[in-house]
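Here is a short report for a first look at this protein. Keep the sequence and the 3D view open while you read.

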Amino acid sequence: MTPALPAPEHSLEVPGLSWSGTVDYGPGPLHAPTSLAQLQELVGRSSRLRALGTRHSFSEVAASDGPLVTLTSMPADLEFDTAARTVRVAAGVRYGELALAAAEHGLALATMGSLPHISVGGASATGTHGSGDRHRSLASAVRAIELVTASGELLALSREGDPEIFDGAVLALGTLGIATHLTLDLVPAAPMRQTVHLDFPAERMRGEDLLAMLAGGSSVSLFHRWDGRIAQAWVKQRVGEDEQLPETWLGGRRAREAVHPLPGMPADSCTDQSGEPGPPHERLPHFRLEFTPSNGEEIQSEYFVAREDLAGALAAVTELGERIRPLLHASEVRTVAADSLWLSPAHGRDSACVHFTWKQLPQQVEALLPEIEERLAPYAPRPHWGKVFTMDPAAVRAQYPRLGDFRALRDRLDPDRMFRNDYVDRLLGG
Ligand SMILES: Cc1cc2nc3c(=O)[nH]c(=O)nc-3n(C[C@H](O)[C@H](O)[C@H](O)COP(=O)(O)OP(=O)(O)OC[C@H]3O[C@@H](n4cnc5c(N)ncnc54)[C@H](O)[C@@H]3O)c2cc1C
């Protein structure tokens, strides 16, 4: 009989719950290697393993009925190339920390999610996005990725060196291996300013006006409550590039004081809204790195539709406004430019994102989602992989023309499905 392997020092107890407290990551154990060698040794003696980022997904995308691994104890390994404007970074590093270090080199991320607390590896794996007509998902900035694959070997792939598979490997829902490092494109850290306008007239929800609002800056977020009006427009502009907005803009008035996107919440966790120029990492996210983000007691859902379908999709779902509002903290509309990543919800389509921050009422939310999804169905929605949805997996699969290529890549890199979980199996099939 083979003696049982001793538990390594970097094994923790049980993985626990997600940031929202609504996803149970399973029995574990959760491993926390501190070096590449430890990670490779762990993969080498595992038959099942799944990576955990900073636990900010609301779906079961990171959950497992077996062992998990977190890379948060690995060195950050930030390596900047200022001439090429790139950084190589460990996958467990949070965007906020990366952005701070980049600023010291005069560099910045072109776009960021609303939250700087998420990890580079975890956000890239699900297609996390910020907002901006010209900005693609965060994963689109990845130019190289290093993965420990099922064989325990380190596989380095790059956009230029591996064009036939790279677009399948970056956004892979954790199924191809454990990403150890990513190399990202950066941009010069030109100053940005953020302003918020409030209380837009109802007619601004129509197609052209909505798209004009979303084009009002480099990155724009519109908050509303399914009552046919935009309540807040958060506009993040590049100083010297974007035209400063007037006090009254498209019928909305400039906020005199800082606001929080969730009604009634204090704004001290939010980034500067005074219009004063500042570094991009202090304007692009909605929330400051040093504060607990958003509400904490929430669930999120989000669907990507073609940008030209946004007004129609919002009007269709607004029919359910009275049923949505009692369950809702706030809803947000953002845009994302089309990308070429095989599993990206913005694959091949300039997109608008229809988002819901729900109160933590999982049963009521799951009961309402099918009706919302039915209203969105004519617009071919693609759900955010890291948020809650109830769409039929076949309808999700139908939205991804490169799914067959992705499955072939997964079968090649992980023939015994070491990195699988039920969530991904159910959605991707095969
Ligand atoms: C308050 C709040 C605000 C949010 N705002 C936004 C937003 O603005 N835009 C947006 O798009 N999303 C947003 N999200 C959702 C969130 O950004 C995504 O779900 C993101 O994937 C979470 O990253 P994470 O590091 O927490 O990864 P986790 O949720 O822990 O894991 C996500 C996936 O990444 C995989 N993974 C993690 N690390 C690795 C690795 N090293 N190698 C391989 N696979 C790995 C996991 O297996 C899993 O499949 C928000 C979430 C919260 C809680």
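Into which domains is the protein divided? There is domain 1, spanning 79–189, and domain 2, spanning 192–390. Keep in mind that this is a predicted model.

**How the domains meet**

Take the centres of domain 1 and domain 2 over C-alpha atoms: 24 Å separate them. Contacts link the two domains. On one side are 33 residues of domain 1, and on the other 30 residues of domain 2. Two elements, α2 and α4 (166–169), each give two or more residues to the side of domain 1 that touches domain 2. The largest share comes from α2, with four residues. Sorted by class, this side of domain 1 has 13 nonpolar, 16 polar and four charged residues.

**Helix α2**

Helix α2 covers residues 95–104. Which of its residues are buried? They are Y95, G96, L98, A99 and A102. These buried residues lie on the same side of α2, because they cover an arc of only 160 degrees around the axis. Their cover includes β5 (86–90), β6 (107–108) and α3 (120–126). After α2 comes G106, with a positive phi near 70 degrees.

**Two strands and their partners**

Strand β7 takes in residues 142–148. It is mostly covered, with five of its seven residues buried. Strand β11 takes in residues 192–198. It is mostly covered too: six of its seven residues are buried. The table lists how these strands pair, with one residue pair for each.

| Strand | Partner strand | Direction | Bridges | Residue pair |
|---|---|---|---|---|
| β7 | β9 (178–185) | antiparallel | six bridges | A144 and T183 |
| β7 | β8 (154–158) | antiparallel | five bridges | V148 and L154 |
| β11 | β13 (230–238) | antiparallel | seven bridges | T195 and V235 |
| β11 | β15 (252–254) | antiparallel | two bridges | H197 and R254 |

What do β7 and β8 form? They make a hairpin, with five residues between the two strands. In the turn sits G152, whose phi is positive at about 90 degrees.

One general point helps when you look at strands like these. In a regular strand, side chains alternate between the two faces of the sheet.

**The nonpolar core**

How many residues are in the largest nonpolar core? It has 113 residues. Five of them touch the most other members: L109, V170, A233, V305 and V354. Strand β18 (residues 351–359) gives the most to this core, with five residues. Where does this core lie with respect to domain 1 and domain 2? Both domains give residues to the core, so it lies between them.

Look next at A233. Leave aside its neighbours within four places in sequence. A233 is then in contact with V196, H197, F200, M213, G216, V220, L222 and G252. Two of these names link back to the table's strands. H197 is the residue of β11 whose bridge partner in β15 is R254. A233 itself falls within β13, residues 230–238, and β13 is joined to β11 by seven bridges.

**In brief**

Domain 1 and domain 2 touch each other, with α2 giving the largest share of the domain 1 side. The largest nonpolar core draws on both domains. β7 and β11 are each mostly covered, and the strands they pair with run antiparallel to them.

Notes:
Residues are numbered from 1 along each chain as its sequence is written. This is a predicted model: local features need pLDDT of at least 70, side-chain atom pairs count only at pLDDT 80 or more; totals for chains, interfaces and linings use all residues. A residue is buried if 20 or more other C-beta atoms lie within 10 Å of its own, exposed if 12 or fewer, and partly exposed in between; C-beta atoms are placed from the backbone. The arc is that of the directions from the helix axis to the C-beta atoms. Two residues are in contact if their C-beta atoms, placed from the backbone, lie within 7 Å. Domain bounds come from an automatic or database domain assignment. Ala, Val, Leu, Ile, Met, Phe, Trp, Tyr, Cys and Pro count as nonpolar, Asp, Glu, Lys and Arg as charged, and the others, Gly among them, as polar. Two strands pair if DSSP finds at least two bridges between them. A nonpolar core is a set of buried Ala, Val, Leu, Ile, Met, Phe, Trp, Tyr and Cys residues joined through C-beta atoms within 7 Å.
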